[in-house]
Amino acid sequence: MRRTTRRLAAHRLAVHRLAARLLAVRPFGPAARGRAALPATEPAAATPRTGPQRRRSPRSLSTTTTAAVLALALAAGCSSSDGGKDDDSDDNGKRRAPGTLRVLASSELSDLSSVLKDAERATGVRIEPTWTGTLDGAQTVASGRADGTYDAVWLASNDYLRLLTGEQKKIRTETPIVSSPVALGVREAAVKRLGWEPGRVTWSDVHKAVTDGKLTYGMTDPVRSNSGYSALIALTSALSRAQSALTDADVRAASPKLREFFAGQKLTSGSSGWLAEAFARRAGQRPPVDALINYESVLLSLQRGKLLGHDGERGADSDAATTEPVAGIGDLTVIRPTDGVVTADYPLSLLASADQDARDSYAALTRHLRSPDAQRALTRETFRRPVNSSVPPTDGISREPRRELPFPGSRDVADRLLDSYENELRRPSRTVYVLDTSGSMTEERLGRLKAALRKLTGSDDSATGKRFRDREEVTLMPFSDQVKEVNTHTVPEREPARALDLIRADVDGLVAGGDTAIYSSLQEAYRHLGERASKAGDDRFTSIVLMTDGENTTGAKAGDFDAFYRGLSGDQRSIPVFPILFGDSDRTELEHIADLTGGQLFDAVEGSLDGAFEEIRGYQ
């Protein structure tokens with residue numbers, strides 16, 4: 001029975017591959033960059049042909065169809081005999097999977113698990129995903145690090161990737177699968193307070209509400225998340241009144257209003273899903289955060305109580321595991337500003353380095369995912385918009401036309417916009433790094449910690465997002481059986497090199513020795529942050545990063561810390577702890593700390609330590 005099932009899967013794959021070669025998919029390159037205003041349901045995209053094309057006559061199409069049927073019959077006939085060698089066996093007769101596609105994918109696509117399981121059953125193609133942020137994924141492809149490691153990339157959008165790669169042939173072809181504009185979700189009480197009519201709200205209205213102190217919101221980090229960058233583009237276009245693709249002049253014109261707008265941001269994140277979970281957690285706080293800028297699909301899922309939470313862990317294949325749905329926010333009103341939005345079209349894209357087997361698997365998979373049945377499942381389960389024009393969007397998705405805003409026309413403008421946000425426009429951050437320097441931190445482990453932190457000191461000309469930001473307050477708090485020292489530095493907007501050098505010197509001076517007092521040190525971190533906020537009197541994104549390679553062995557216990565945390569003021573309880581799993585640290589212990597404080601666990605056991613520190617930057 002198992003042999004028969006495997007053969008059927010292999011034969012399905014062969015037939016899908018043959019049929020998929022008859023389809024067309026959108027080529028990748030500058031020609032695909034421009035996008036007109038999208039209707040409520042987008043038409044099917046053109047095919048993945050890259051060579052010369054000719055129109056086929058009905059006779060040639062009929063001939064091709066007949067050939068496909070004959071190929072299916074031939075495959076079935078060959079499989080009925082046990083005397084020959086199976087097509088899916090290697091030279092040693094060992095079974096191998098009928099088709100696997102290694103995909104570097106945007107983390108928000110982890111909600112497609114059931115659809116992808118159906119696709120595997122239908123086509124025999126199994127996806128092996130590695131989750132990433134859209135902008136980080138684009139940089140991985142552009143740098144060449146994806147070649148040979150992945151067969152395909154599935155990002156929220158390829159717009160930034162096109163700017164990075166220019167004329168390089170990194171992508172063979174791309175196929176949009178679904179779409180979702182970036183929108184605004186507002187609690188009903190705020191909508192009533194502001195007197196808004198949801199169908200008539202503009203980004204300028206949103207800006208005025210924020211600057212008047214009547215609206216607070218959350219948004220992902222544009223440097224790492226496509227939803228945040230799409231929102232930044234939409235805001236810059238609206239506030240500068242740009243009539244076409246953004247220019248440097250538009251960015252300069254909008255900057256004063258953008259700085260006002262970002263002063264009202266209360267939540268940030270490197271992940272659209274985690275941001276929505278954090279927004280839901282804040283529902284019980286007074287006052288709650290009023291609004292959330294995110295994908296329409298995320299907002300509708302949150303509204304309906306169908307947003308899946310994650311397992312509390314980031315890094316490696318973190319977002320692959322989901323838990324029960326996050327508590328829904330039924331009074332969330334989804335607003336699509338009338339002066340324009342930027343839409344993610346989620347193109348599944350085949351890398352130019354992919355081999356023939358991967359190309360065939362890609363063709364079979366994309367053909368299935370764009371089929372009516374799959375498109376209905378996608379829109380029903382994820383609240384994304386279908387791209388197959390024969391399939392209507394699920395209930396709750398507006399079918400009103402929307403104005404689609406263009407992406408910046410050059411990489412220089414796109415990168416300068418990101419740099420302005422990172423170092424000038426956003427609220428500055430305040431972070432305490434609680435660093436385990438106990439005796440278990442061997443020379444090798446301590447060396448890795450120092451290297452990861454040195455990387456964040458970068459230089460004053462480091463790429464955006466690769467070093468501590470201008471205006472950022474950084475505190476290093478190394479500990480063993482007690483906190484050893486507390487060193488705080490603020491990186492100035494002008495000439496940041498000296499502050500970065502001082503942080504680097506503190507890192508180089510770290511020495512291991514002693515026991516491990518995790519909870520006592522976290523208590524000291526919260527006390528320090530309370531004192532800093534009181535003394536400085538400023539408003540910053542505030543967080544704690546905990547790096548430990550072992551278990552708590554001395555000082556306060558878990559129960560003591562829980563009681564301490566519950567006794568903090570409301571403002572201090574909103575400070576999350578982001579633990580890093582490293583060495584022999586206790587996963588359960590660190591997960592509890594993350595869950596209690598509203599943080600997230602980052603895995604540096606399966607992944608790298610410097611990668612964990614860098615990924616946390618999107619949450620600070």
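Tutor: Two strands pair if DSSP finds at least two bridges between them. Helices (H or I, at least four residues) and strands (E, at least two) are themselves DSSP runs, numbered from the N terminus. The model is predicted: local features need pLDDT of at least 70 and side-chain atom pairs count only at pLDDT 80 or more, while totals for chains, interfaces and linings use all residues. Residues are numbered from 1 along each chain as its sequence is written, and side-chain values use heavy atoms, with hydrogens and water left out.

Student: What makes strand E7 and E9 a pair?

Tutor: Two bridges are found between strand E7 (residues 217–218) and E9, and the rule asks for at least two, so the strands pair. Their sense is parallel, and Tyr217 stands opposite Ala291 in E9.

Student: How do you know that strand E6 and E9 pair, and in which sense do they run?

Tutor: Five bridges join strand E6 (residues 178–187) to E9, so the requirement is met. The two run antiparallel, and Val182 has Tyr295 in E9 as its bridge partner.

Student: Why is strand E9 called mostly covered?

Tutor: Buried means under 20% relative accessible area, exposed over 50%, and partly exposed in between (1.4 Å probe, protein chains only). In strand E9 (residues 291–295), five of five residues are buried.

Student: How many helices and strands does the protein have, and what share of its residues counts as buried?

Tutor: There are 21 helices and 22 strands. Of the 620 residues, 55% count as buried.

Student: Why is the pair of Tyr160 and Tyr229 called edge-to-face?

Tutor: Rings of Phe, Tyr and Trp (its six-membered ring) pair if their centres lie within 6.5 Å; planes under 30 degrees apart count as stacked, over 60 as edge-to-face and the rest as tilted. By this rule the protein has 19 aromatic pairs. For Tyr160 and Tyr229 the centres are 6.1 Å apart and the planes meet at 85°, so the pair is edge-to-face. Tyr160 belongs to helix H5 (residues 159–165) and Tyr229 to helix H8 (residues 226–240), so the contact ties together parts 69 residues apart in sequence.

Student: Why does Tyr160 count as buried, and how do you know that Tyr229 is buried?

Tutor: Tyr160 has 6% relative accessibility and Tyr229 has 0%; the limit is under 20%, so both values satisfy it.

Student: What makes the pair of Tyr433 and Phe613 tilted?

Tutor: Their ring centres are 6.1 Å apart and their planes stand at 40°, so the pair falls in the tilted class. Tyr433 is in strand E17 (residues 429–436) and Phe613 in helix H21 (residues 609–616), 180 residues apart. Both Tyr433 and Phe613 are buried.

Student: How do you know that Arg187 lies over the face of Phe279?

Tutor: A charge sits over a ring if NZ of Lys or CZ of Arg is within 6 Å of the ring centre and within 35 degrees of the ring normal. Arg187 is listed as lying over the face of Phe279, at 4.2 Å from the ring centre. Likewise, the charged end of Arg427 sits over the ring of Phe541, 4.3 Å from its centre.

Student: What makes a set of residues a nonpolar core, and which residues touch the most other members of the largest one?

Tutor: A nonpolar core is a set of buried Ala, Val, Leu, Ile, Met, Phe, Trp, Tyr and Cys residues joined through side-chain atoms within 4.5 Å. The largest has 136 residues, of which Trp154, Trp196 and Phe613 touch the most other members. Helix H8 gives the most to this core, eight residues. A second, separate core of 23 residues includes Leu522, Leu529, Phe564 and Leu568. Phe564 also belongs to an aromatic cluster with Tyr519, Tyr526, Phe561 and Tyr565.

Student: Why is Asp560 called partly exposed?

Tutor: Asp560, in helix H18 (residues 558–566), has 41% relative accessibility, so this residue falls between the limits for buried and exposed.

Student: Is Arg241 buried or exposed, and which class holds Arg471?

Tutor: Arg241 has a relative accessible area of 69%, above the limit for exposed, so Arg241 is exposed. Arg471 has 17%, below the limit for buried, so Arg471 is buried. Arg241 lies in the loop between H8 and helix H9 (248–262), whereas Arg471 lies in the loop between helix H15 (443–457) and strand E18 (473–479). Neither residue is a glycine, yet phi is positive in each: near 60° for Arg241 and about 80° for Arg471.
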